[in-house]
Amino acid sequence: MIVFHTDLDNTMIYSYRRDIGPDKKCVEIYEGRPVSFITRRTEELLADICGRVLFVPTTTRTVEQYNRIQLGTGTPPYALVCNGGVLLVDGQESGEWYEDSLRLVEGCQKELSLAEEMLGADEDVNFEVRNIRRLFLFTKSGRPQETVKRLSAGLDRSLVDVMQNGVKVYVVPKPMNKGLAVRRLRERLGASRVIAAGDSEFDIPMLQCADVPIAPDGLRAAAGLPERALVMEKRGIFAEFVLEHVREWMDEGQNEN
């Protein structure tokens, strides 16, 4: 079995703020507004690939945020959300998986509580501090780099990671990463091969444990990607680059057989 794990935001789908050309399709509506899109080429490639590999969306989005996305490929058999802490099987949560996730982060709960207190007192924080199902914290800051510095200085970094994505700030237990989630699912499914694509710091652990990692050039050094990695070095639509190379890889594998 070949499993294709992919991040969603800025890997497969793009905000309305990003110009991906006129030939596009809305895949997410929020509060009555179209907010996320894919290119028509992405739609075409994804439909082809979903019939040939096990497609597993792997995202930091919550269940509710993930369920807003409609890629047009039907409900994936599996999806990893909440940075891998929640597994959806045919669209339904796996209670067993979530309980295992809570056990993995049990030793980090005091540190998450401390981080929540620090964020609550941080004058730069301009959004509610959300504890996402006891798996990680999320908020926004007017000066995210300063907020990250304070958290990094005050928390035990052997237990949690402090991460920034634009104005968004996250505190994530070390065991709650996409790489561990990919390994857990690989063992559960008995997958023979794992392809993974992602564009951000959250995706590095997933890329590092994949047989075929695919990333934009800017992530190469940070991720320490191996020579086998496929890296997009030119400008363009990363989603199309990913899917075209997955299809090529699949075609080459079939020809070898």
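Q: Which residue in β4 stands opposite S15?
A: First, the general idea: strands of a sheet pair through backbone hydrogen bonds, either parallel or antiparallel. In this predicted model, the residue opposite S15 is S36 in β4. The strands β2 and β4 run antiparallel to each other and are joined over two bridges.

Q: What is the order of the strands in the open sheet with β2 and β4?
A: Read across the sheet, the order is β2-β4-β3, and the pairing is antiparallel. The edges are taken by β2 and β3; each has a single partner strand, so one side of each is left without a neighbour in the sheet.

Q: Which helix packs on that sheet, and which strands does it touch?
A: That's helix α1, residues 40–50, which touches β3 and β4. Its direction makes about 65 degrees with that of β4.

Q: Let's zoom in on K24. Where is its place?
A: You'll find K24 in strand β3. Try tracing its contacts: leaving out residues up to four places away in sequence, K24 touches F37, I38, T39 and R40. Take T39: it is 15 residues from K24 along the chain, yet their C-alpha atoms are separated by 4.1 Å. As for exposure, K24 has a relative accessible area of 31%, so it counts as partly exposed.

Q: What is the strand order in the open sheet that contains β7?
A: Here the three strands go β6-β7-β8, with antiparallel pairing. At the edges are β6 (78–81) and β8 (92–93), each pairing on one side only. Between β6 and β7 (residues 86–89) there are four bridges. One residue to look for is A79, whose bridge partner in β7 is L88.

Q: Which helix lies across β6 and β7?
A: Helix α6, made of residues 178–189, does that. It runs at about 155 degrees to β6.

Q: How do I read a positive phi?
A: Most residues other than glycine have a negative phi, and most peptide bonds are trans. Here E31 has a positive phi, near 50 degrees, and C82 has one near 55 degrees.

Q: Where does E31 lie, and is it buried or exposed?
A: E31 sits in the loop between β3 and β4. Its relative accessibility is 62%, so it counts as exposed, the cut-off being over 50%.

Q: Where does C82 lie, and is it buried or exposed?
A: C82 is in the loop between β6 and β7. With 1% relative accessibility, C82 counts as buried because that is under 20%.

Q: Now for the pockets. How much space lies in the largest pocket?
A: The general trick is this: rolling a probe the size of a water molecule over the atoms shows where empty space is left. In this model, the largest pocket holds about 1200 Å³ of space. Its lining has 35 residues, and those nearest the centre are D9, R61, Q65, K140 and K168. Elements giving two or more residues to that lining include β3 (24–30), β4 (33–39) and β12 (168–173).

Q: How do the residues lining the largest pocket divide by class?
A: There are twelve nonpolar, ten polar and 13 charged residues.

Q: How much space lies in the second largest pocket?
A: About 230 Å³. It is lined by 14 residues, with Y66, I69, G74, T75 and P76 the closest to its centre. Sorted by class, this lining has seven nonpolar and seven polar residues, and no charged ones.

Technical notes
Residues numbered from 1 in each chain as written. Predicted model: local features only at pLDDT ≥ 70, side-chain atom pairs only at ≥ 80, totals over all residues. Heavy atoms only, no water. Pairing = 2+ DSSP bridges. Contact = heavy atoms within 4.5 Å. Axes fitted to C-alpha atoms, helices over the stretch in contact; angles between N-to-C directions. 1 Å grid on protein atoms, 1.4 Å probe; cavity = no way out; pocket = protein on both sides within 12 Å on 5 of 7 lines; lining within 4 Å. Points joined across faces, edges and corners; volume = space filled by probe spheres on them. Nonpolar A, V, L, I, M, F, W, Y, C, P; charged D, E, K, R; others polar. Buried < 20%, exposed > 50% of the residue type's maximum accessible area, 1.4 Å probe, protein only.
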